[in-house]
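Reader: I should like to examine how the strands and helices of this model are arranged. Please begin with the term on which the strand pairing depends.

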Amino acid sequence: MARDFKLPDLGEGIHEGDILSVLVKVGDKIEEGQPILEIETDKATVEIPSPYTGTVENIAVNPGDVVQVGDVLMTFSVEGEREAPSEPAEEPRKAKAPPEPAEQAEEAEAPPEPAEKPEAVKVEREPEASEAAPSKKEGEAPSRREGPIPASPSTRRLARELGVDLHRVSPSGTGGRVSAEEVKAFAEQPKEAARAGEEAPTPKAPPSEKAAPSPPADWSKWGPVERQQLRSVRRATARQMSLAWSKIPHVGSQEIVDITKLEAFRKKHKDEIEAHGGRLTLTVLALKATVAALKKFPRFNASLDEETQEIVLKQYYHIGVAVDTKDGLLVPVVRDVDRKSITELSVELNEIGERTRDRKVSMEELKGGSFTITNIGPLGGTAFAPIINYPEVAILGLARARWQPEIVGDVESGEYVVEPRLMLPLMMSFDHRVLDGADAERFLLEIVSVLEDPDRFLMVI
Amino acid sequence: MVMGEFTQESELLVVGGGPGGYAAAFRAADLGWDVTLVERDPKPGGVCLHRGCIPSKSLLHLSEIMADAEHAASMGVTFSKPSIDLERIREWKNAVNDRLADGLLDLCEKRGVQYIQGRAVFESSDQCRLLESEVSRIKFKHAILCTGSRPSSLPHVKFREESRVMDSTLALNLQDIPESLLVVGAGYVALEMGSVYAALGSKVTLIVHRDRMVRAADPDLTVPLKRKLEEVFHSIHYNTKVASVKEQKDSVEVTMEGEIEPSKQLFERILVAVGRDPNSNDLGLENTRVKINKRGYVQVDEQQRTTDPKIFAVGDVVGGYMLAHKAMHEGKVAAEVIAGQPSAFDVRAIPAIVYTNPQIAWCGLTEEQARSEGRPIKVTRFPWKFSGRALSMDAPQGLTKMIFDPDTQRILGVGVVGRQSEGLIAEAVLALEMGALAEDVALSIHAHPTLSETEGEVAEIFLGRSTHVLPKKGPGQSSAD
C-alpha cells in the first residue's frame, strides 16, 4: 500500500517552511529514520527523517517550494508492497490526498481495492467550488476551513451552482455542518467590487474597500450638488485604477527625445501610408520603438504572479494604446506589434482607434496586452504620471512634442549651435516590485536612441 | 472518400455501453442532447451485465440457497442433496442477462439514443472511425470514454476459450464443474467465483498473493469470511503465487511458490482473478489530447474531463474504485457537465461489497487508512451474536462497526460483515454523505428485529447509551469491543 508523507508539525508554532533540498530520489529504498528532506523555517534548518521503511514512489516538492504543515511531501510504497501510490498531487499548496486513497496492490482485484486514480489532472475531491481569494473581511474569523466540509450532497451541488466555496461559509450546524440556507445567504452577500469586475484581470480581490460601513456622505449641506451614477467605462476605470494604484508601488521616470529627424521621416512617408488607408502617427512609430526596447529589456513586458512569486515574461508583444472616447478611457490592444510592418500598424491603429471611439470595439480586443502606451500629445501637456495598466509592470506616456531651442554640438569645446529641435517628453511609470530605476532609465534611453535616429529605428524594428 | 463510407454526425458520442456509458447516454439524452452510443456487444450492459455483476449474483443466489438448504438440517429441516442441471442454470442466468439487456435497448430507443454495435477508434478529437460496424465514421462535439476494463492475466498465461485457464468471463460461462479448481486471487471476484464453484461441487484451492484476503477492507471484517471459506474451500494458502502453468489434455499442471505443499499440483481448471486492466490501448487516443498514465488509466479531473477539452472519461478506464456504481455516477456527472451544469464527482463514500457468504460491505474511512494517515479515530463494534435478528436467522457470524471522529463525533467510515451486508451499507453511505454524527444515527429509529438495528446500536455504544450492550466507561468504549 502507498503511504503519503505529510509535513508534520515542526513545533514552536512554526507552520511552514522552505524546502532546501531533497535528499532522495524516486525509486530509492529508504529506512525509517533516514533523512529525506531539509527544510528551512523561520528559526532554523530542519532535517526531516522518513517515517517509513520502503521505496520512494513520488516526490511532490522541489527545492525552493514553500510547504505548510499537512502538505504531502512524498509518497512511499511501504516494504513488501510495490504498488502505485495515490498519484502525486501537484505542488504542496494545492495538494490534498483524496479521502479514498487510490492504490492497487499487485494482485488486487478491481473492487474493493481501488485501482490507481491518475491524479495529475485530478485536483481535490473535496467540494471546493473555487479557489476564492482568501481576503479577510474585517472582524470575521479566519475565512478558510480545512478538510472536506460536511454538507449534504444537495447542499454541495447548490454551492457549486452558486459558485460558493464551502470552506468560507461559517456553519452554525452541529459539528460544522453547512446547510443550504447558509450557502444561499453567503451567495447573496454583496460581492467586493473588483472580484466581479470584467476589467479586473485576476480573481484576487483588492484589499477590501468596504471597511466598517461609514455614514453616507452628504455634501449637499455645503451647497447644491448633482449626483451622477458611476457606470460603464467610468466605473470600470475607477475600479481598475484603484486596483492598479493600490497594488503597484509606482515610480516615475522621464526622458526627452529629439524627434526632429523622426518627424521629417514621418512627414516624408505619411502620404504613401495614407494611400494604404492608414495614418502614420507618432504613436505608430512609438509602438515600434517600444517593442525594440521591450525585446532588449524583457522584464518590462511582464507581469508579477504574486501567488507563485514569479515574474512572468511574456514572449508576445501586444501593446495597448490608450484612446480617449466620449465615454472615457479605453485601451484597445494591438497584437503582435513585433510582427507587423509600419504600414500594417498604421492601418490597424487607425482602424481600431476609430472603432474604439465609436464604441464598436469588442471586450476581447481590450484584453491581453503586455504593455501600454498613452499619448496625450495630440491634446497637449508637458508631462504627466500615467498609472500602470495592471497587471502589466510599466507604461509609457508621451506628451506633446514642442519646438525648443536646443544645444546641438559640444559646449565644452565651443563647437555648438543653438537650434530649434522638436522635443518629445517621455514619461514612464514602472512597478518597483519588478523593476528598478536603473532598468527604467536604460529602457527609456533605448527608446530615445531609437526615436531620435531614423536609421537606427530602421535597424531595430 | 471511399465508396460506401458513411459518416454520421452526433452531438455526443458515448464509447462503451456498460453502466458508465449507458448512464451517461441516458442522462445526456434526458437533458436534450443528441446521443450516439457505440458498444462492441450487440446489446448494452457491458461487463457488469453480461460478464460480471449480474450473472455472478445470479449464481451466488443459487449458492446461497444451496448453503441455506444444507444448513437447515441443524435447525430441524433436512433437504436431500440437490441435483444440478448446469444447462438449466446457464439458461436461467442468461435469461436474466437478456431481460436486462433488452430493457436497456428499449430505454435507448425510447430516449432517442442511437445504439450502434461497433468498435470506435479515435482519428482526432472530434472524429471516430467505427470498425465492425455499418456506420464507418462519427463526427462529434463531445465524447465520453466508457470503455471499461478487462481481467488481468498472469504474465505467462493467456485466456482462451478452449483453455483450462479461465478468467471471470470464462468462469461465468459455466462450461463444466471441474473436480478440482485452483483459484488465484484475493479479491471479491476470486472469492465469489470460488464460492460458486465450491457450491456446485468443485474442490476449490485458493491461493492468495499476500497475507490476507480482501486487503482493502479492515482485517476484522474479513475474519468471519476467512473462517467460513476455510470450511467451504478445500484449502487456502497465503503468500503464494503461480510460477508457471503447463496445460495438458485434461488438466493443468501448476507450479507455485509460497506456503503450499507440494508446489507442483494438477488441477482440472484454474481461475485467475488478480485484477483488471483499463481498456485504453487500442482506442486511437494518441490522435487526441487525452493523456493516459503509465498504467493505462485515463487522466480526468473531478468533472470527468480528460486533458482533451472535447473528451470526457468515466468508469473503470479512469481507475479509482472499479465499480459499476462509481461508473454510473461519473457517467451522470460527465453528461451534466457537458450540458453545462455545475456537476462534479465529489462523493464522500463509495460502498464496496463482497457477495460471499457471509457478505462484507464497507464505505468511507477504514481503520487502516486512518492509521496510515495518523488520524485519530474511535472505533465501535457490535458483534452479531448479540443481534436477535441474526440469531433468528442462525447467522451470528457478523459484525457491524463504525469509525468516528473523536472530536466532532462525525461518522467517518462503516464496515459490516454478515448476511445481507449489501443492504446495510446503504444507510452508512447516506450518513457519510450527509455528514451525520453518531447522534443522528443513534436517534433514528431502526426497526426491530432487523440486522439494520446493529447500525443504530453501534452509534449508541459510541455514545455510551446502548441497550443491549453494557456501557463501559464513556463514549467510544464498550464491553463489546
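Author: Two strands pair if DSSP finds at least two bridges between them. The model discussed here is predicted.

Reader: Which residue in strand 19 of chain A stands opposite W403(A)?

Author: Strand 18 (residues 402-410) of chain A pairs with strand 19 (residues 415-431) of chain A in the antiparallel sense, over nine bridges. The two strands form a hairpin with four residues between them, and G414(A) in the turn has a positive phi of about 90 degrees. Within this pairing, the residue opposite W403(A) is L422(A).

Reader: How many of the nine residues of strand 18 of chain A are buried?

Author: A residue counts as buried if 20 or more other C-beta atoms lie within 10 Å of its own. Strand 18 of chain A is hardly covered, and its count of buried residues is zero.

Reader: Which residue is the bridge partner of R3(A) in strand 8 of chain A?

Author: An open sheet of four strands in chain A has the order 1-8-6-3, with antiparallel pairing. Its edge strands, strand 1 (2-6) and strand 3 (29-30), each pair on one side only. Five bridges join strand 1 of chain A to strand 8 (residues 72-78) of chain A. In strand 8 of chain A, R3(A) has as its bridge partner F76(A).

Reader: How are helix 6 and helix 7 of chain A oriented to each other?

Author: The axes of helix 6 (residues 282-296) and helix 7 (residues 342-357) of chain A come within 10 Å and cross at roughly 125 degrees. The crossing of these helices of chain A is right-handed. By class, their contact has five nonpolar, two polar and one charged residues. Given the crossing angle, helix 6 and helix 7 of chain A are therefore oblique.

Definitions and conventions:
Residues are numbered from 1 along each chain as its sequence is written. Chains are lettered from A and ligands numbered from 1 in the order in which they are written. This is a predicted model: local features need pLDDT of at least 70, side-chain atom pairs count only at pLDDT 80 or more; totals for chains, interfaces and linings use all residues. Axes are lines fitted to C-alpha atoms, for helices over the stretch in contact, and angles run from 0 to 180 degrees between N-to-C directions. Angles under 35 degrees count as roughly parallel, over 145 as roughly antiparallel, 65 to 115 as roughly perpendicular and the rest as oblique. A crossing is left-handed if the near helix is turned anticlockwise from the far one by less than a right angle, and right-handed if clockwise. Ala, Val, Leu, Ile, Met, Phe, Trp, Tyr, Cys and Pro count as nonpolar, Asp, Glu, Lys and Arg as charged, and the others, Gly among them, as polar. A residue is buried if 20 or more other C-beta atoms lie within 10 Å of its own, exposed if 12 or fewer, and partly exposed in between; C-beta atoms are placed from the backbone.
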